[in-house]
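Colleague: Before I build anything on this model, could we go through its fold together, element by element, with the criteria stated as we go?

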Amino acid sequence: MYRWIETIRTEGGAPQHLALHQARLERTLLHFGHRGPMPVLADIPALRSPAPQGILKVHIDYDMSGITGVKSEPYVMRRIRRLRLVEARDIDYTYKAADRRALEALLALRGEADEVIIVRRALITDTSYSNLAFRSRGQWYTPATPLLRGTMRESLLACGLLREANITPADLPLYDAVCLINAMMPLGRMTLPIDSII
């Protein structure tokens, strides 16, 4: 049976980008043939109850039957210092599946780096757990062909802080920094010099 996940950032009990997470959940279920009422993320107690100050990571599992699990924990950001380019011509992660074995197999190729940047059909896409943004002359660009259209990425595009571009490994010298972004990491939270990519 298909299973998917949503990871939602809460700050002081306030869920971030909840409408974007809800829209992605609905798109996923509709794509796989779901009929009937949609699960409503806003009804999950962990996203409605007052929470301690600070940032929490709320991990939600769901399948065609609805929400199957919820886990909430304090968020600790991974430390990333070096990124390695890896090729994966046919990988598909259009929907945020709970089965991450293909991504984990690519991460295992990182060698002495901390994380991988996945190149699909000559174009840069994502890391194993985040979208990417590249800075050139003060403007941030995100790959136009991501593996997953993340909620943080969608929010940043909508407000004009990101622009889409086709980015190849040969284009990397045009940029001075790379930033990892996902639901838990806003733009600028984890920014590395472009020469951290090997």
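What follows is a set of questions and answers on the sheet, a helix, the cores and a strand pairing.

Modeller: This is a predicted model, in which local features need pLDDT of at least 70 and side-chain atom pairs count only at pLDDT 80 or more, while totals for chains, interfaces and linings use all residues. Residues are numbered from 1 along each chain as its sequence is written, and side-chain values use heavy atoms, with hydrogens and water left out.

Colleague: In what order do the four strands of the open sheet stand?

Modeller: Helices (H or I, at least four residues) and strands (E, at least two) are DSSP runs numbered from the N terminus, and two strands count as paired if DSSP finds at least two bridges between them. On that basis the pairing in this open sheet is antiparallel; β2 (14-15) and β4 (66-74) each have a single partner strand, so one side of each is left without a neighbour in the sheet. The order is β2-β1-β3-β4.

Colleague: Which residue in β4 does Ile 60 stand opposite?

Modeller: Strand β3 (residues 55-63) pairs with β4 in the antiparallel sense, over eight bridges. The residue in β4 that stands opposite Ile 60 is Val 70.

Colleague: At what angle to β1 does helix α1 run?

Modeller: Axes are lines fitted to C-alpha atoms, for helices over the stretch in contact (heavy atoms within 4.5 Å), and angles run from 0 to 180 degrees between N-to-C directions. Helix α1 (residues 18-31) lies across β1 (4-11), β2, β3 and β4. Its angle to β1 is about 175°.

Colleague: How wide is the arc around the axis covered by the buried residues of α1?

Modeller: With buried meaning under 20% relative accessible area, exposed over 50% and partly exposed in between (1.4 Å probe, protein chains only), the buried residues of α1 are Leu 18, His 21, Gln 22, Arg 24, Leu 25, Thr 28 and Leu 29. Taking the directions from the helix axis to the C-beta atoms, they lie on the same side of α1, because the arc they cover is only 165°.

Colleague: Which exposed residues does the other face of α1 carry, turned away from its buried side?

Modeller: The buried residues of α1 pack against β1, β2, α2 (45-48), β3, β4 and α4 (151-158). The face turned away from that buried side carries the exposed residues Ala 19 and Leu 30.

Colleague: How many residues does the largest nonpolar core have?

Modeller: A nonpolar core is a set of buried Ala, Val, Leu, Ile, Met, Phe, Trp, Tyr and Cys residues joined through side-chain atoms within 4.5 Å. Among the residues with the most contacts inside the largest one are Leu 47, Ile 60 and Ile 118, and the elements that give two or more residues to this core are β1, α1, β3, α3 (101-107) and β6 (115-120). A second, separate core of 19 residues includes Ile 167 and Met 190, whereas the largest core has 23 residues.

Colleague: Is Ala 105 buried or partly exposed, and with what relative accessible area?

Modeller: Ala 105 lies in helix α3, and its C-alpha atom is separated by 9.5 Å from that of Ser 128, 23 residues apart along the chain. Ala 105 is partly exposed, with a relative accessible area of 44%.

Colleague: Which residue in β10 stands opposite Tyr 141?

Modeller: Strand β9 (residues 139-143) has five of its five residues buried, and three bridges join it in the antiparallel sense to strand β8 (residues 131-136). With strand β10 (residues 162-165), β9 pairs in the parallel sense over four bridges. The residue opposite Tyr 141 is Arg 163.
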